[in-house]
Amino acid sequence: MTLEMAERLKQEVIRTLKEGFSLPIYAERVPQHTKRPCFSVTVTQGEQKRLLGRRRAAEATVVVTYTAAEDCAAREESLKTADALYERLWIIGSQERFAAGQMHHEMREDGMIFYATYGYQIILEEEDVKMERLEYNGRKVVGYGEKNEI
């Protein structure tokens, strides 16, 4: 997985969360003594499979960690948030669209962890090597006219 695509995918998830929730969102880890409830978003796993030619099929797993406001109501609050995340993160992106192939969540004491796996394709760019002019025994053979024009 290219770093550029992982970063673009993470930014699209953060943008989607900002549109759907009015909570603080952290790009990696939640610092200590933060406002609760909040989200943190990381890309944890990537995989590429080779297709024909320069094409690759890639997948990336985005982890959204939700920390609830209070520990006593964390389970109910987290379940409501999980339902909303299933709806919001199903298809993300404005120009480039990413669709989640798999989604699931795990409950924790202080919130939950939500996993979404997105699939996309990559076309690797290769520089074409152009053919040089052929010379045989010091004589220009192919690709030259009478006055060395093509």
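**Exercise 1: The two sides of helix α2**

Task: In this predicted model, find which exposed residues sit on the face of α2 turned away from its buried side, then work out where the buried residues of α2 fall.

Solution.
- Step 1. Start on the outside. Glu 76, Lys 80, Asp 83 and Glu 87 are the exposed residues on the face turned away from the buried side of α2.
- Step 2. Now list the buried residues of the helix: Ala 74, Ser 78, Thr 81, Ala 82 and Leu 85.
- Step 3. Look down the axis of α2. Its buried residues fall within an arc of 110°, so they line one face of the helix.
- Step 4. Ask what covers those buried residues. The cover includes helix α1 along with β2, β3, β5 and β6.
- Step 5. Check the length of the helix. α2 runs over residues 74–88, which makes 15 residues. From first C-alpha to last it reaches 20 Å, close to the 21 Å expected at 1.5 Å a residue.

**Exercise 2: Putting the sheet in order**

Task: Give the strand order of the open sheet of six strands and say which strands are at its edges.

Solution.
- Step 1. Read across the sheet: the order is β1-β2-β3-β6-β5-β4, and the pairing is mixed.
- Step 2. Pick out the edges. β1 (25–26) and β4 (91–92) each pair on one side only, which makes them the edge strands.
- Step 3. Start from the β1 edge. β1 and β2 pair in the parallel sense over two bridges, and Ile 25 stands opposite Phe 39 in β2.
- Step 4. Step over to the next pair. β2 and β3 run antiparallel and are joined by 12 bridges. Phe 39 turns up again here, with Tyr 66 as its bridge partner in β3.
- Step 5. Keep going: 13 bridges join β3 to β6, and these two run antiparallel. One example is Thr 65, whose bridge partner in β6 is Ile 113.
- Step 6. β6 and β5 are antiparallel as well, with eight bridges. Gln 102 has Thr 117 in β6 as its bridge partner.
- Step 7. Finish at the β4 edge. Two bridges join β4 to β5, and the two strands run antiparallel. Ile 91 has Ala 99 in β5 as its bridge partner.
- Step 8. Add the helix that lies across the sheet. α1 (residues 3–20) lies across β1, β2, β3, β4, β5 and β6, and runs at about 145° to β2.

**Exercise 3: Is β6 mostly buried or exposed?**

Task: Use the residue count for β6 to decide.

Solution.
- Step 1. Count the buried residues: 10 of the 13 in β6.
- Step 2. Draw the conclusion: β6 is largely enclosed by the rest of the structure, because that many of its residues are buried.
- Step 3. Set this beside the whole protein, where 33% of the 150 residues count as buried.

**Exercise 4: Around Asp 110**

Task: Locate Asp 110 and find which residues it touches beyond its neighbours in sequence.

Solution.
- Step 1. Find the loop. β5 and β6 form a hairpin joined through three residues, and Asp 110 is found in the loop between them.
- Step 2. Check its exposure. The relative accessible area of Asp 110 is 25%, so it counts as partly exposed. (Buried would be under 20%, and exposed over 50%.)
- Step 3. List its contacts. Leaving aside neighbours within four places in sequence, Asp 110 touches Arg 36, Tyr 66, Thr 67, Ala 68, Asp 71 and Ala 74.
- Step 4. Take one of these partners. Asp 71 is 39 residues from Asp 110 in sequence, yet their C-alpha atoms are 5.5 Å apart.
- Step 5. Follow another partner, Arg 36. A cis peptide bond joins it to Pro 37, with omega about 5°. Pro 37 is found in the loop between β1 and β2.
- Step 6. Compare with the general rule: most peptide bonds are trans.

**Exercise 5: How far can you trust the model?**

Task: Say where confidence is lowest and where it is highest.

Solution.
- Step 1. Take the overall score. The average pLDDT is 83, and 85% of the residues score at least 70.
- Step 2. Find the extremes. Strand β8 (residues 139–142) is lowest, at a mean of 66, and β5 is highest, at 92.
- Step 3. Apply the rule of thumb. Where pLDDT is low, the predicted coordinates should not be read in detail.

Conventions. Residues numbered from 1 in each chain as written. Predicted model: local features only at pLDDT ≥ 70, side-chain atom pairs only at ≥ 80, totals over all residues. Heavy atoms only, no water. Pairing = 2+ DSSP bridges. Helix = DSSP H or I, 4+ residues; strand = E, 2+ residues; numbered from the N terminus. Contact = heavy atoms within 4.5 Å. Axes fitted to C-alpha atoms, helices over the stretch in contact; angles between N-to-C directions. Expected span 1.5 Å × (residues − 1). Buried < 20%, exposed > 50% of the residue type's maximum accessible area, 1.4 Å probe, protein only. Arc of directions from axis to C-beta. pLDDT = per-residue confidence, 0-100.
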